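Okay, thanks everyone, I'll keep this short. Let me put the model up and then walk you through it.

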Number of protein chains: 2
Amino acid sequence: MSTFQDNFINILKTNGLSITRQRQLLFDLLQDQDPLSMNELTELVGTTIDRASVYRIIATFEETGIVRRISIGWKFKIELSEAFVAHHHHLTCLSCQLVVPINQEKLESFISELADINNFQPIQHQVEIQGYCQRCQANRNIA
Amino acid sequence: MSTFQDNFINILKTNGLSITRQRQLLFDLLQDQDPLSMNELTELVGTTIDRASVYRIIATFEETGIVRRISIGWKFKIELSEAFVAHHHHLTCLSCQLVVPINQEKLESFISELADINNFQPIQHQVEIQGYCQRCQANRNIA
DNA sequence: TTAATAATTGCAATTACGTCGCATTTATCT
DNA sequence: AGATAAATGCGACGTAATTGCAATTATTAA
């Protein structure tokens with residue numbers, strides 16, 4: 001059934017890592033939600049996982065390619081990697097923090113082109129846009 | 001002569017801020033170098049400027065539009081604002097840290113388009129590409 | 001199913017990063 | 001040059017992130 005879950009277990013096993021209650025819980029949280037900051041993660045797990053462990057687990061998740069770090073403005077958040085969710089970027093509302101994923105083939109090819117022009121071999125890239133969503137634009141006009 | 005220097009002084013005066021040794025030194029550093037992290041800045045100035053002052057000065061530089069924060073990967077760095085250098089993005093070499101500015105009108109209009117499609121009013125955006133520069137690509141083939 | 005062993009976690013302590021209040025110093029204005 | 005206002009340095013503080021180590025938990029093989 002749950003390809004996500006199988007995939008998760010496989011990655012852990014492949015890397016010789018145990019499936020622990022803590023790792024499973026963090027994975028579940030990331031599966032259900034928009035990108036989360038370390039703060040949001042530690043608050044969501046409350047006292048069920050020690051803060052130090054949250055940091056260590058997210059670090060191994062990064063190393064094994066389960067999650068990736070994305071920068072929203074100049075802070076960063078954690079989200080499931082391309083092993084689970086297709087490559088994409090984000091639009092973030094400066095007012096209500098709404099996050100909308102962007103998935104545009106034209107953008108991707110344009111990025112590669114830019115690297116080529118500068119004789120760079122592109123490995124990764126980030127595109128983040130901040131602005132106001134439709135709802136918040138309306139609210140701002142009222143206020 | 002130095003338009004940069006004049007512009008800097010003007011912005012400070014316009015905002016009723018003094019021209020101090022510390023502010024001048026930080027501005028000079030940012031003028032000479034690629035984007036710098038807060039850490040790099042505090043290390044470059046060593047004991048000549050207190051850490052608290054570096055933070056305060058960069059904060060007022062941001063407020064008055066002398067510098068802006070950019071995200072390189074998921075960290076951030078400081079660079080001169082558009083009052084000194086045209087709006088641009090960066091290509092960063094993962095091996096030698098070379099930073100190459102990108103300035104592409106097509107990219108800018110593409111970004112606005114993406115926001116529009118999603119009914120967002122775009123305010124700001126970041127585009128960062130990491131890869132290997134020509135020289136480092138060559139070195140990697142040898143090794 | 002259980003014992004052995006290897007990995008992981010929680011806890012406490014520590015470091016790093018950024019901020020704040022206040023006394024002293026420095027720049028500006030006349 | 002002196003008065004005044006602003007900025008800096010210093011020390012203390014709060015929060016974020018990291019580390020070492022003992023206790024716990026997962027895995028492996030009998």
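Quick bit of vocabulary before we start: when I say helix, I mean a DSSP run of H or I with at least four residues, numbered from the N terminus. And when I call a residue near a strand, one of its heavy atoms lies within 4 Å of that strand. Also, keep in mind that this is a predicted model.

So, DNA strand D. Which helices supply at least two residues each of the surface near it? From chain A you've got helix 3 (38-45) and helix 4 (51-63), and from chain B helix 2 (21-32) and helix 4 (51-63). In total, 21 residues surround DNA strand D, with Tyr55(A), Thr20(B), Gln22(B), Ser53(B) and Arg56(B) the closest. Of the strand D atoms that come within 4 Å of the protein, 70% are sugar and phosphate. As for the character of that surface, it's 8 nonpolar, 7 polar and 6 charged residues.

Now some individual contacts from chain B. Gln22(B) puts a polar side-chain atom 2.7 Å from a sugar or linking oxygen of DNA strand D. Then there are two backbone ones to phosphate oxygens: Asp50(B), with an N or O atom at 3.0 Å, and Thr48(B), with a polar atom at 3.4 Å.

Last thing, how the two chains relate. Turn chain B by 177 degrees, shift it 0.0 Å along the axis, and it lies on chain A with an RMSD of 0.7 Å. That's the relation of a two-fold axis. In chain B, Val127(B) has the C-alpha nearest the axis, 2.2 Å from it. And both copies use the same surface: 100% of chain B's contact residues recur in chain A.

Definitions and conventions: Residues numbered from 1 in each chain as written. Chains lettered and ligands numbered in written order. Predicted model: local features only at pLDDT ≥ 70, side-chain atom pairs only at ≥ 80, totals over all residues. Heavy atoms only, no water. Polar contact = N/O pair within 3.5 Å; in protein donor to acceptor, adjacent residues only side chain to side chain. Nonpolar A, V, L, I, M, F, W, Y, C, P; charged D, E, K, R; others polar. Least-squares fit on C-alpha atoms with pLDDT ≥ 70 in both. Contact = heavy atoms within 4.5 Å.
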